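Me: I'd like a close look at one spot where two helices pack together. Keep it informal, and tack on one buried loop residue afterwards if you have room.

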Amino acid sequence: MDAIREFWATPGRFPPDFGGYRFLGKAVNEVGKAKFGPDWTGLEGTPLPRLLMPEPVFGGIPFDELAKPHERLAIDLLLQKHRPDFGRPIPERRAFGPVVAPFTVEQWNEGIRLARESDERSLATRQRFSAVIGSLIECLREGRMRSALRPAQGGDYSMVLPPSGWNSEEAIYCRFSLCRMHPIKQFSGSPAGDGYQLIFVDIEGLERFLASLSPSARSTIPTWRKIIELKKKDPTLTKPKLAEHFGEMGKREFDRHWEKAREQYPLLQKAGRPSRQSDSD
């Protein structure tokens with residue numbers, strides 16, 4: 001995992017263009033920026049931390065006494081980082097693991113909110129990466145973009161892959177971890193190993209694909225997320241005031257995003273329920 005994290009964190013080390021081909025890692029970032037604009041960080045391919053939300057029990061999310069030790073520790077670490085004003089003590093290290101201090105109701109609820117936000121970011125990151133590699137695989141499988149392999153130490157390309165080299169449901173996704181594959185064991189399901197070579201895609205096909213990603217087709221920040229961010233910046237905003245930021249949107253459409261935002265961000269519960277006005281807009 002450290003190798004994958006370092007790989008995506010240092011795009012300056014990606015191989016240069018050569019012979020009309022571009023390294024797959026560069027292509028991933030170019031497509032990501034075209035699809036997601038400023039939301040694309042370039043680190044979408046790094047292994048993500050496990051989900052922080054405690055596993056649900058009967059009746060919903062457990063209170064701290066019912067949560068598992070590693071779940072309580074995860075919540076405590078979030079509070080240590082984001083809510084130092086709570087003044088929670090550092091967990092005491094013992095032979096059988098760290099001992100987390102008890103939570104107040106306020107602390108636990110705030111920890112759950114932070115965990116939910118962290119999980120949302122992790123999910124959004126995974127979805128961005130999945131969307132990008134899915135679109136690249138489709139182009140390569142359909143022959144709209146060519147791909148070639150180059151030995152890791154350098155030199156000329158060893159082979160140009162046929163479109164069928166990308167015709168698999170699962171085994172090829174690991175190629176995007178380090179942008180490598182084996183020229184013979186093409187569907188091994190492993191990201192790297194002895195004999196693995198670097199993957200390149202043809203620049204002409206890539207540029208045609210990038211040109212097809214018109215601004216209207218690119219993904220944007222979900223409206224419900226924008227509502228939450230506006231509320232965080234100005235907690236005094238009520239629902240009518242928030243709606244003014246989306247003047248081009250009809251009432252029913254805004255209400256749909258509003259309800260999603262309320263589910264994800266409890267403070268919006270104080271902004272009032274959607275008004276019962278005419279649905280004619």
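Reply: Here's the helix pair, then a stop at a proline. Bear in mind that this is a predicted model, where local features need pLDDT of at least 70, side-chain atom pairs count only at pLDDT 80 or more, and totals for chains, interfaces and linings use all residues. Numbering starts from 1 along each chain as its sequence is written, and side-chain values use heavy atoms, with hydrogens and water left out.

Find H7 (residues 223-233) and H9 (residues 251-264): their axes lie 8 Å apart and the helices pack at about 60°. That angle makes H7 oblique to H9 (neither under 35 or over 145 degrees, nor 65 to 115). The crossing of H7 and H9 is right-handed (near helix turned clockwise from the far one by less than a right angle).

Now the side that H7 brings: Thr-223, Trp-224, Ile-227 and Ile-228. Across from them, H9 offers Phe-254, His-257, Trp-258, Lys-260, Ala-261 and Gln-264 (contact is heavy atoms within 4.5 Å). Sorted by class, this H7 and H9 contact has six nonpolar residues, three polar and one charged.

Now for the proline. Pro-15 sits in the loop between helix H1 (2-9) and strand E1 (21-23). Pro-15 is buried, at 12% relative accessible area (the cut-off is under 20%). Beyond neighbours within four places in sequence, Pro-15 touches Phe-23, Lys-26, Arg-150, Leu-198 and Phe-200. Gly-154 is 139 residues away along the chain, yet its C-alpha is separated from that of Pro-15 by 9.1 Å.

Notes:
Axes fitted to C-alpha atoms, helices over the stretch in contact; angles between N-to-C directions. Helix = DSSP H or I, 4+ residues; strand = E, 2+ residues; numbered from the N terminus. Nonpolar A, V, L, I, M, F, W, Y, C, P; charged D, E, K, R; others polar. Buried < 20%, exposed > 50% of the residue type's maximum accessible area, 1.4 Å probe, protein only.
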